[in-house]
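Biologist: Please take one buried position in this model and describe its surroundings closely. Then work outward from there, and keep to what can be checked on the coordinates.

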Amino acid sequence: MKQIYGISLEDAVSDFDAAFGTNLMEQFGMEKSSSDSSEENSSEDSSSSDSSSTEEITPDGQEEAAPIPGTASFCLSSRRKFRRSGGAGMTLHEISSGLKARGRYALAGHLGTAFGATVTYLLVSFLLIRMVSNVFSGSDVLSFVLYELMTWLILTFAGVFSYGLCRIFMSWQYGQKAEFQDLFAGFHESTNTILEIQAVLSGAEVLALLPSGIAATYLEGSYALPVTILLYVLGALFALYLQLTYGLSYFILLDYPQGKPRQVLKASRKMMKGNRGVLFYLYLSFIPLFLLGILSLFIGDVYVLSYFYSTEAAFYRSLMAIRSGNYRKAPSGDVQGV
């Protein structure tokens, strides 16, 4: 099996702690490819006469304008600043802007496919959840148990579509072709592994939110509402932790389609060790965009979701590139590297 980054999943799992150091904030500026190396070395040579200066000079001898956040020049400038400062001054905002720039770049020219895949995923999820809510709407114990059980099954089934979305946006990250039908790739690629991974994650999420559901259904009195809200917030925080820890599982499975569910989950957990703060900051940075999307009757939110998925793929790519030392080197062949 040919791997995109030339390392086995076992090696990746065993070496992730050492490979990533403490966190992405400290490692991000060290991403490097051969194309980057020549460009950056030439820049460093041109400024070697004044080692204390960090200003960029154009060929005409004029000071180069400050790079615009989110652009490729901004990302390169951030990496140069990291090298010159030894890691000081590398902020979450700079990392987030760089990842978003890569997300937008990969998404360019593919908006139609991205919209179609995202809308289909949302519609399938909404219709299934709506169906369960209508069928099991009673307040008796049996209806409540069946509702929670069906919710778990639906979330597990939705994992197949989540895998397809990851496949689409990961392909674009590497400049490879992706089509709308790739949304259904999980039905014929690693299906059992996907379902096992999603069953574990969905089960943990349902159990985390189960106390708030019980409180909302059966508690009465003045304390019912605050208790329900508290339990829901605690459950939501745990669900967020799960997402920040295991949210890269399908990207890893795409790189390592022969990986076992436990291996994939363990790899995701190790990759995210020390990097949850970066991903959480990315999540927060999209909130204003989602709020703006509401003004367009949620139509704009479809683009924001596509933009978010593409940026998440860029985040995974950056982590794997740091591990392998092959940043920005597009793999040949299929996205799975088989």
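Modeller: Take Ser-306: apart from neighbours within four places in sequence, this residue is in contact with Leu-107, Ala-114, Phe-115, Thr-118 and Phe-169. The model is a predicted one, and side-chain atom pairs count only at pLDDT 80 or more. Ser-306 sits in helix α13, which covers residues 299-324. Its relative accessibility is 0%, and because buried means under 20%, Ser-306 counts as buried.

One contact of Ser-306, Phe-169, leads to helix α7, which runs over residues 141-173. Ser-162 is found in helix α7 too. At 18% relative accessibility, Ser-162 also counts as buried, since the cut-off is 20%. With sequence neighbours within four places left out, Ser-162 touches Tyr-121 and Tyr-250. With Tyr-121 there is also a polar contact, side chain to side chain, at 3.2 Å.

Further along helix α7 is Arg-167, which takes part in salt bridges. The count for the protein comes to three salt bridges. In one of them, Asp-182 pairs with Arg-167, the closest N and O atoms being 3.9 Å apart. Asp-182 belongs to the loop between α7 and α8 and Arg-167 to helix α7, so this pair ties together parts that are 15 residues apart in sequence. Both Asp-182 and Arg-167 are buried. Arg-167 forms another salt bridge with Glu-189, and here the closest N and O atoms are 3.2 Å apart. Glu-189 is in the loop between α7 and α8 while Arg-167 is in helix α7, so this pair ties together parts that are 22 residues apart in sequence. Glu-189 is buried, as is Arg-167. Arg-167, Asp-182 and Glu-189 are thus a linked network of salt bridges.

There is also a salt bridge between Lys-177 and Glu-179, with the closest N and O atoms 3.0 Å apart. The accessibility of this pair can be set beside that of the network. Lys-177, at 67% relative accessibility, counts as exposed, because exposed means over 50%. Glu-179 has a relative accessible area of 29% and is partly exposed.

The loop between α7 and α8 also contains Ser-190. What is the sign of phi at Ser-190, which is not a glycine? Phi at Ser-190 is positive, at about 50°. Most residues other than glycine have a negative phi. That makes the backbone at Ser-190 worth a look on the screen, with phi at about 50°.

After this loop comes a helix pair. The axes of helix α8 (residues 191-218) and helix α9 (residues 224-246) come within 8 Å and cross at roughly 170°. Because angles over 145 degrees count as roughly antiparallel, α8 is roughly antiparallel to α9. On the α8 side, the residues making the contact are Leu-201, Ala-204, Glu-205, Ala-208, Leu-209, Pro-211, Ser-212, Ala-215 and Ala-216. On the α9 side they are Thr-228, Leu-231, Tyr-232, Gly-235, Ala-236, Phe-238, Ala-239, Leu-242 and Tyr-246. By class, the residues of this contact of α8 with α9 divide into 14 nonpolar, three polar and one charged.

From the helix pair one can return towards the starting point by way of Tyr-283. Tyr-283 is placed in helix α12, residues 276-294, and is buried with a relative accessible area of 15%. Leaving aside neighbours within four places in sequence, Tyr-283 is in contact with Leu-240, Gln-243, Leu-244, Phe-308 and Glu-312. Helix α9 covers residues 224-246, and helix α13, where Ser-306 lies, covers residues 299-324. Tyr-283 and Ser-96 are 187 residues apart along the chain, yet their C-alpha atoms are separated by 9.8 Å.

For the overall setting, the secondary structure comes to 13 helices and zero strands. Of the 338 residues, 45% count as buried. Among contacts with a separation of 6 or more, 78% are between residues 24 or more positions apart.

Conventions:
Residues numbered from 1 in each chain as written. Predicted model: local features only at pLDDT ≥ 70, side-chain atom pairs only at ≥ 80, totals over all residues. Heavy atoms only, no water. Helix = DSSP H or I, 4+ residues; strand = E, 2+ residues; numbered from the N terminus. Buried < 20%, exposed > 50% of the residue type's maximum accessible area, 1.4 Å probe, protein only. Polar contact = N/O pair within 3.5 Å; in protein donor to acceptor, adjacent residues only side chain to side chain. Contact = heavy atoms within 4.5 Å. Axes fitted to C-alpha atoms, helices over the stretch in contact; angles between N-to-C directions. Parallel < 35°, antiparallel > 145°, perpendicular 65-115°, else oblique. Nonpolar A, V, L, I, M, F, W, Y, C, P; charged D, E, K, R; others polar. Salt bridge = Lys/Arg side-chain N within 4 Å of Asp/Glu carboxyl O.
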